[in-house]
Amino acid sequence: MKEKILLGGYTKRKSTGVYSVLLDKKKAELSNLSEVAAVQNPTYITLDTAGHLYTCAADGNGGGVAAFDFDGDVATPLGNVTSTGAPLCYVAVDEKRQLVYGANYHLGEIRVYKIQGDGTLKLTDTVKHTGSGPRPEQSSAHVHYADLTPDGRLVTCDLGTDEVTVYDVLGEGKLNIVTIYRAEKGMGARHLTFHPNGKVAYLVGELNSTIEVLSYNEERGRFARLQTISTLPENYHQHNGVAAIRISKDGKFLYVSNRGHNSIALYKVSPLGTKLTSEGWVETEGDFPRDFNLNQTEDFLIVAHQNSDNLSLFSRDKETGRLTLEQKDFYAPEMTCVLPV
């Protein structure tokens with residue numbers, strides 16, 4: 001059986017937009033790189049249940065988000081909503097409220113868009129973060145993530161200020177701050193993922209190569225730190241920047257990608273989700289593993305390398321979480337996002 005995987009990335013060198021590949025689960029093989037949509041710098045992509053594809057995008061007006069009709073093979077443009085400045089770096093769909101959230105790293109902003117009846121988007125709110133951190137990369141706010149909590153609030157990660165902010169989403173997509181969690185200074189809060197129980201989250205620090213395990217209080221919308229664990233071996237002291245973080249659907253295993261060490265770090269998750277135990281690392285067989293994801297059945301893990309223009313495919317043991325390399329040289333240029341369809 002074959003499964004489709006969507007890919008987004010930069011268009012600075014050879015890429016022209018959003019692509020797809022086929023994963024043959026029987027052969028453990030990727031094949032058939034195909035263009036899905038021509039769009040500038042779709043570095044993060046998402047789908048809604050109505051058959052729309054939303055991507056980070058840039059055009060002559062600046063940066064923002066692009067909307068497409070998507071039939072499973074080809075994406076038909078519906079239009080862009082852009083403004084002066086750099087593109088977004090993250091997009092997410094809120095099905096219940098029919099909203100799309102975007103994180104703008106360079107401007108330190110959260111943007112909220114209302115999905116119209118035809119799938120196009122209308123900007124409804126912009127919230128700008130302020131502040132800075134102790135590292136050179138933290139001279140200003142840099143929102144890197146904006147997505148939903150299990151109880152339907154919006155949570156953002158700010159790499160520049162080391163803050164995780166929880167918002168209530170009010171009528172017509174307006175945001176109201178509930179709480180701010182302050183991570184370790186200089187962490188570079190990048191992305192967040194929740195345990196299936198909804199009571200624990202895992203915050204990854206791009207700049208200090210750590211994961212902070214956080215309890216989440218739904219009543220108050222508040223995070224509290226339970227554990228901090230490194231994403232690197234003790235004997236590795238070269239430059240590294242953590243990128244993606246994913247958890248298996250059963251909540252038993254957590255994975256993180258290291259750019260520099262060029263590895264996937266594997267962690268065993270305690271039954272309640274409150275503690276991580278390192279289970280080692282696997283080389284990704286490429287340079288700068290910006291994103292990775294599990295396929296729909298979680299039998300495989302696909303890694304996208306931004307600098308070396310290749311995908312690596314690993315089979316996955318669901319009992320141990322261990323990864324086994326199956327393919328390492330599949331060409332895919334400048335990819336930064338992996339999305340199973």
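How many nonpolar, polar and charged residues are there in the lining of the largest cavity? By class, that lining holds 4 nonpolar, 3 polar and 3 charged residues. For this count, Ala, Val, Leu, Ile, Met, Phe, Trp, Tyr, Cys and Pro are nonpolar, Asp, Glu, Lys and Arg are charged, and the others, Gly among them, are polar.

Before I continue, a word on the model. It is a predicted model, in which local features need pLDDT of at least 70 and side-chain atom pairs count only at pLDDT 80 or more, while totals for chains, interfaces and linings use all residues. Residues are numbered from 1 along each chain as its sequence is written, and side-chain values use heavy atoms, with hydrogens and water left out.

Let me return to the cavity. On a 1 Å grid over the protein atoms alone, a cavity is a set of points where a 1.4 Å probe fits but cannot get out; a pocket is an open set with protein on both sides within 12 Å along at least five of seven lines; and lining residues have an atom within 4 Å of a point. Grid points are joined across faces, edges and corners, and a volume is the space filled by probe spheres set on the points. The search of the whole structure finds 1 cavity of 30 Å³ or more, and the largest cavity holds about 60 Å³ of space. Among the residues that line the largest cavity are Tyr 44, Cys 89, His 144, Arg 190 and Asp 291. Strands β16, β20 and β24 each supply at least two residues of this lining. Here strands (E, at least two residues) and helices (H or I, at least four) are DSSP runs, numbered from the N terminus.

Next, the pockets. The largest pocket encloses about 960 Å³ of space. Its lining has 32 residues, and Tyr 90, Asp 147, Thr 193, Arg 246 and Asn 293 lie nearest its centre. Several strands each give at least two residues to the lining of the largest pocket, including β4 (45–47), β12 (143–148) and β28 (335–340). That lining divides into 20 nonpolar, 7 polar and 5 charged residues.

The second largest pocket has about 660 Å³ of space. Of its 33 lining residues, Tyr 105, His 144, Arg 190, Glu 206 and Arg 259 are the closest to the centre. The lining of the second largest pocket comprises 12 nonpolar, 13 polar and 8 charged residues.

I now turn to the sheets. Strands of a sheet pair through backbone hydrogen bonds, either parallel or antiparallel. In this analysis, two strands pair if DSSP finds at least two bridges between them. One open sheet has 4 strands in the order β8-β9-β10-β11, with antiparallel pairing. Strands β8 (90–94) and β11 (121–128) are at the edges, each with a single partner strand, so one side of each has no neighbour in the sheet. From one strand to the next, the twist averages 20 degrees; axes are lines fitted to C-alpha atoms, for helices over the stretch in contact, and angles run from 0 to 180 degrees between N-to-C directions.

Within this sheet, 7 bridges join β10 (residues 109–115) to β11. Glu 109 has Lys 128 in β11 as its bridge partner. Ile 110 also belongs to β10. Is Ile 110 buried or exposed? Ile 110 is buried, with a relative accessible area of 0%; buried means under 20%, exposed over 50%, and partly exposed in between (1.4 Å probe, protein chains only).

A second open sheet of 4 strands follows the order β16-β17-β18-β19, again with antiparallel pairing. Its edge strands, β16 and β19 (222–230), each pair on one side only. Strands β18 and β19 pair over 8 bridges, and Thr 210 has Ser 230 in β19 as its bridge partner.

Which contacts does the side chain of Glu 212, in β18 (residues 210–217), make? One reaches the backbone nitrogen of Glu 184 at 3.1 Å, and a polar contact joins it to the side chain of Arg 225 at 3.3 Å. A polar contact is a pair of N or O atoms within 3.5 Å; within protein, one must be able to donate a hydrogen and the other to accept it, and residues adjacent in sequence count only if both atoms are side-chain atoms. Glu 212 is buried, with a relative accessible area of 0%.

Finally, consider β5 (residues 52–59), where 7 of the 8 residues are buried. Strand β5 forms a hairpin with β6, with 2 residues between them.
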